[in-house]
Amino acid sequence: MHEITMETIIALCKRRGFVFPGSEIYGGLQGFYDYGPLGVEMKNNLKGLWWSEMTKKHDHIVGIDGAIITNPKVWEASGHVTSFADPLIECKQCHHRFKADDVPGITSCPDCGGVMTEPRMFNTLVSTEIGVIEGETTHTYLRGEACQTIYLNYKNVLDSTHLKVPFGICQIGKAFRNEVTPGNFLFRQREFEQWDLQWFCHPSQMEQWFSYWKDERMNWYKTIFTHPEHLRFYEHEKLAHYAKKAFDIEYTASPVGKEMEGIHWRGDWDLSRHSKYSGENLTYTDPETQETFIPQIIETSGGVDRTFLFLLLDAYTEEGDRIVLKLNPKISPYKIAVFPLLRNKPELVTKAQEIYRGLRNELAVAWDDRGNIGKRYYSQDEIGTPYCVTIDFQTLEDKTVTIRNRDTMRQERISEHAILTYLKDHHVY
Ligand code: GAP
């Protein structure tokens with residue numbers, strides 16, 4: 001079992017450019033973070049894997065990229081204006097605040113033992129104003145969950161494609177919540193990213209598809225984690241306003257919260273409500289049986305940032321004085337690093353640059369000619385680069401390079417022309 005603290009991961013993220021606190025030079029803003037040079041590469045790799053899993057592996061799923069701001073009626077129809085609220089409790093002595101759901105049943109403060117207030121409900125939708133002329137502005141919301149734009153476009157997608165029920169629409173996009181207790185780094189932010197699949201099917205097929213998607217999603221997460229044994233299901237007893245049944249996929253080795261993705265039985269709640277509030281007919285007529293019905297929805301809704309955080313926690317390893325991120329190579333920011341053995345030997349630097357430029361056309365490559373080779377290896381280990389290639393005097397003679405494995409630290413000599421094949425064979429890309 002890992003015993004890694006959040007402080008260790010936060011420090012690594014800052015030191016190596018994965019994640020920075022938002023608006024840091026102004027003292028920050030609670031619940032907002034910026035991804036740095038390595039973080040954005042890793043996050044893009046992660047989103048790319050999810051996207052191709054959804055759209056390439058499944059014939060009946062297409063993607064959209066919806067707007068963050070919608071007509072405010074969307075949030076009345078969805079139930080968020082009335083029901084999207086979190087209970088806040090506060091210690092009367094030290095004034096520390098907690099989301100009541102995080103500390104069920106407590107009467108005295110976990111921090112100082114003081115008496116707690118009764119829970120007060122706060123709506124967590126983030127409001128905004130559209131328009132420039134005072135008195136003529138429209139009050140609306142930044143989307144509280146990304147999935148609503150999928151429901152709004154369900155008819156457009158059906159009308160513009162050859163899809164028939166059952167089918168899915170997926171999306172990766174930002175969501176915003178005025179969380180009552182933002183904190184724990186990327187775990188609970190006010191601006192975050194979700195990856196959602198909304199699966200539309202006949203009401204009689206809900207059980208079968210629910211169990212299919214539950215398994216599919218868990219199996220996918222298992223392929224990207226270093227320690228898949230740290231993943232498990234948690235079945236919800238207390239359900240969101242739209243859900244009839246809900247399971248979370250949890251990362252159990254997290255030192256903070258564990259929830260990573262929700263698999264929700266949303267039924268006909270969303271399409272029925274949008275139909276009622278918009279006046280549009282959102283029923284579907286089966287072209288073969290002519291049966292008309294409202295498709296029911298199974299949702300898989302995961303947090304991109306939480307997955308990112310859990311992957312770092314899961315991959316972080318200390319071996320003596322070596323820190324190594326044992327990330328799945330497909331997620332690592334760089335796939336390979338290229339070094340000239342000595343930076344003051346122009347013939348080595350020229351050859352290394354030639355190899356570096358050749359590889360750069362195909363994948364993300366790091367270049368390093370600082371310090372000694374040992375330090376460069378350690379520096380790449382800490383950011384999860386799965387392989388390092390060193391160009392030495394033998395390379396100039398026989399066109400072979402040393403390739404070194406991050407996890408085993410074993411080195412092999414291979415032809416400089418075989419590097420890409422080697423990386424492919426080792427599932428790096
Ligand atoms: N459309 C359903 C929905 O939004 P949710 O369980 O509220 O369901 C789905 O959110 C996922 O989004 C969560 O499992 C979590 O990974 C992520 N998420 C939710 N709130 C978050 C926050 N404040 N910061 C980071 N990620 C969050």
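**Reading a predicted fold: surface, sheet and salt bridges**

Tutor: Let us begin with one residue: Phe393 belongs to helix 12, which spans residues 393-398. Please keep in mind throughout that this is a predicted model.

Student: Is Phe393 buried, partly exposed or exposed?

Tutor: Burial is judged from relative accessible area: under 20% is buried, over 50% is exposed, and values in between are partly exposed. Phe393 has a relative accessibility of 36% and therefore counts as partly exposed.

Student: Which residues form a nonpolar patch on the surface with Phe393?

Tutor: The patch consists of Phe393 together with Leu341, Leu342 and Leu396. Their accessible area together is about 290 Å².

Student: What are the overall proportions of the chain, and how many helices and strands does the chain have?

Tutor: There are 13 helices and 23 strands. Along the principal axes, the C-alpha atoms fill a box of roughly 75 × 65 × 50 Å. Of the 429 residues, 51% count as buried. The chain exposes about 20,300 Å², and carbon and sulfur atoms supply 50% of that area.

Student: What share of the contacts join residues at least 24 apart?

Tutor: Among contacts between residues at least 6 apart in sequence, the share is 66%.

Student: I should now like to read the sheet. In what order do the seven strands of the open sheet stand?

Tutor: In general, strands of a sheet pair through backbone hydrogen bonds, either in the parallel or in the antiparallel sense. Here the order is 3-9-10-16-13-12-11, and the pairing is mixed. The edges are held by strand 3 (61-63) and strand 11 (231-235); each has a single partner strand, so one side of each is left without a neighbour in the sheet. From one strand to the next, the twist averages 20 degrees.

Student: In which sense do strand 3 and strand 9 pair, parallel or antiparallel?

Tutor: Strand 3 and strand 9 (residues 167-176) pair in the parallel sense, over three bridges. To locate this pairing in the model, start from Val62, whose bridge partner in strand 9 is Ile169.

Student: How many bridges join strand 13 to strand 12, and how many join strand 13 to strand 16?

Tutor: Strand 12 and strand 13 run antiparallel and are joined by six bridges; Ala246 stands opposite His264 of strand 13. Strand 13 and strand 16 also run antiparallel, with six bridges between them. In that pairing, Glu261 has Gly302 of strand 16 as its bridge partner.

Student: Why is strand 13 described as largely enclosed by the rest of the structure?

Tutor: The description follows from burial: eight of the nine residues of strand 13 are buried, so the strand is largely enclosed by the rest of the structure.

Student: Which strands does helix 7 lie across?

Tutor: Helix 7 (residues 206-224) lies across strands 3, 10, 11, 12, 13 and 16, and runs at about 165 degrees to strand 13. One may compare helix 9 (residues 304-315), which lies across strands 9, 10, 12, 13 and 16 and runs at about 110 degrees to strand 10.

Student: How should salt bridges be read, and how many does the count come to?

Tutor: Side chains of opposite charge can pair when their charged atoms come close. Here the count comes to 29 salt bridges. One of them joins Glu24 to Lys14, with the closest N and O atoms 3.1 Å apart. Glu24 lies in the loop between strand 1 (19-21) and strand 2 (33-35), and Lys14 in helix 1 (residues 6-16), so the pair ties together parts that are ten residues apart in sequence. Glu24 is partly exposed at 38% relative accessibility, and Lys14 is partly exposed at 40%.

Student: Which salt bridge links helix 1 to a distant part of the chain?

Tutor: Arg16 forms a salt bridge with Glu382, the closest N and O atoms being 2.8 Å apart. Arg16 is in helix 1, whereas Glu382 is in the loop between helix 11 (373-381) and strand 21 (387-391), 366 residues apart. Arg16 is partly exposed, with a relative accessibility of 21%, but Glu382 is buried at 12%.

Student: What separates Lys351 and Glu354 in helix 10?

Tutor: These two residues form a salt bridge with closest N and O atoms 3.1 Å apart. They are three residues apart in helix 10 (residues 346-360), and therefore separated by about one helical turn. Lys351 is buried at 12% relative accessibility, while Glu354 is partly exposed at 47%. Elsewhere, salt bridges with shared partners join Glu319, Arg322, Lys326, Asp381 and Arg404 into one network.

Conventions
Residues are numbered from 1 along each chain as its sequence is written. This is a predicted model: local features need pLDDT of at least 70, side-chain atom pairs count only at pLDDT 80 or more; totals for chains, interfaces and linings use all residues. Side-chain values use heavy atoms; hydrogens and water are left out. Two strands pair if DSSP finds at least two bridges between them. Helices (H or I, at least four residues) and strands (E, at least two) are DSSP runs, numbered from the N terminus. Axes are lines fitted to C-alpha atoms, for helices over the stretch in contact, and angles run from 0 to 180 degrees between N-to-C directions. Contact means heavy atoms within 4.5 Å. Patches are made of residues with over 30% relative accessible area and no salt bridge: like charges are joined within 9 Å, nonpolar side chains (Val, Leu, Ile, Met, Phe, Trp, Tyr) within 5 Å. Accessible areas come from the Shrake-Rupley method with a 1.4 Å probe; for residues, only the protein chains shown count as cover. A salt bridge is a side-chain nitrogen of Lys or Arg within 4 Å of a carboxyl oxygen of Asp or Glu. Buried means under 20% relative accessible area, exposed over 50%, partly exposed in between (1.4 Å probe, protein chains only).
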